[in-house]
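Let's take a walk through the interior of this protein together. Have the model open and ready to rotate as you read.

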Amino acid sequence: MRKHLYTLYGGRYTRALLVEMVMLEGEIDYQLREVDIVQQEHRSAEFLSINPAGHVPAMITPEGVTLYETPAINLYLVEHHGLTDLAPTVDEPDRGPFLSGLFFLAGDLEPAMKRYFYPHRYVLRDEDTPIMKEESLRAALERFAVIEERLGKVGPYYLGTRFSLADLTLSFWACNLESEGLLNACPAVRNCVMLVKQRPKLRSKFSELELWREEYRALQARGEGVR
Ligand SMILES: N[C@@H](CCC(=O)N[C@@H](CS)C(=O)NCC(=O)O)C(=O)O
């Protein structure tokens with residue numbers, strides 16, 4: 001029997017898929033423990049004992065250490081497994097720009113995307129939900145425009161000709177909007193997404209993401225999305 005190194009908590013409709021992509025790129029063995037966020041399993045006492053913030057993904061290392069926050073998990077995996085194809089090492093000149101890109105996506109773009117997906121959480125009155133969604137999209141597109149400018153100058157990737165975890169993270173978020181035709185003003189971002197989606201080890205995961213999007217849309221139409 002294959003020995004599982006890592007336990008990843010995540011699954012359907014979650015960015016745990018982004019961690020899975022890193023695992024696949026790095027050929028790292030893991031087992032996935034499905035947390036159904038539609039059924040609120042991420043708020044169960046059992047899951048809160050793993051990540052008190054009640055968010056997925058969370059990951060337990062083979063040494064039994066619990067990690068959470070997607071970019072932290074991904075950077076941990078990259079560094080722990082020496083995945084230099086995914087990130088410049090500390091002594092490389094690209095390291096600084098790489099960190100800026102990754103943290104911009106995690107700290108600045110991500111909150112706008114979260115509001116876009118869960119706008120109902122950010123309003124006092126239900127009827128303001130569509131306006132919140134629209135405003136979140138505007139904020140997200142403002143951040144994509146910043147990346148667009150960089151890729152237009154140095155692309156096709158965030159670090160020029162060198163693919164990295166920054167492009168993977170960018171593509172995960174961008175393809176959500178791209179599929180709705182909302183990234184037409186960002187051709188360099190779309191080109192980067194296209195290149196990342198073509199990576200042989202990632203194709204199946206991007207297809208899964210597409211499937212989830214359709215499923216989640218149907219759920220939302222029935223008023224059954226994440227509360
Ligand atoms: N900053 C965290 C946020 C994690 C997060 O919001 N995950 C979503 C799934 S993609 C989640 O747990 N949603 C359920 C909720 O917010 O109730 C990270 O990047 O890992």
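Keep in mind that this is a predicted model. A good place to begin is valine 189: apart from neighbours within four places in sequence, valine 189 is in contact with Phe144, Ile147, Glu148, Leu151, Leu170, Ala174 and Leu183.

Valine 189 also stands out in a wider setting. The largest nonpolar core has 57 residues, and Val189 is listed with Leu77, Phe144 and Leu168 as touching the most other members. Strand S1 (6–10), helix H1 (16–25), helix H3 (70–80), H4, H5, H6, H7 and helix H8 (203–221) each give two or more residues to this core. The top contributor is H6, with 9 residues. Both domain 1 (6–80) and domain 2 (95–221) supply at least three residues to this core. There is also a second, separate core of 12 residues, with Tyr9, Val38, Val56 and Leu219 among them.

Now turn to H6 itself, which covers residues 165–178. Of its 14 residues, 13 are buried. H6 reaches 19 Å from first C-alpha to last, close to the expected 20 Å, and bends by about 25° at phenylalanine 172.

Next comes H5, residues 129–154. Because a helix rises 1.5 Å a residue, the 26 residues of H5 should span 38 Å, and the end C-alpha atoms are indeed 38 Å apart. The buried residues of H5 include Phe144, Ile147, Glu148 and Leu151, and these four are also among the contacts of valine 189. As for partners, the buried residues of H5 pack against helix H4 (95–117), H6 and helix H7 (187–197).

Terms used: Residues are numbered from 1 along each chain as its sequence is written. This is a predicted model: local features need pLDDT of at least 70, side-chain atom pairs count only at pLDDT 80 or more; totals for chains, interfaces and linings use all residues. Side-chain values use heavy atoms; hydrogens and water are left out. Helices (H or I, at least four residues) and strands (E, at least two) are DSSP runs, numbered from the N terminus. The expected span of a helix is 1.5 Å times one less than its number of residues. The bend at a residue is the angle between axes fitted to the seven residues ending there and the seven starting there. Buried means under 20% relative accessible area, exposed over 50%, partly exposed in between (1.4 Å probe, protein chains only). Contact means heavy atoms within 4.5 Å. A nonpolar core is a set of buried Ala, Val, Leu, Ile, Met, Phe, Trp, Tyr and Cys residues joined through side-chain atoms within 4.5 Å. Domain bounds come from an automatic or database domain assignment.
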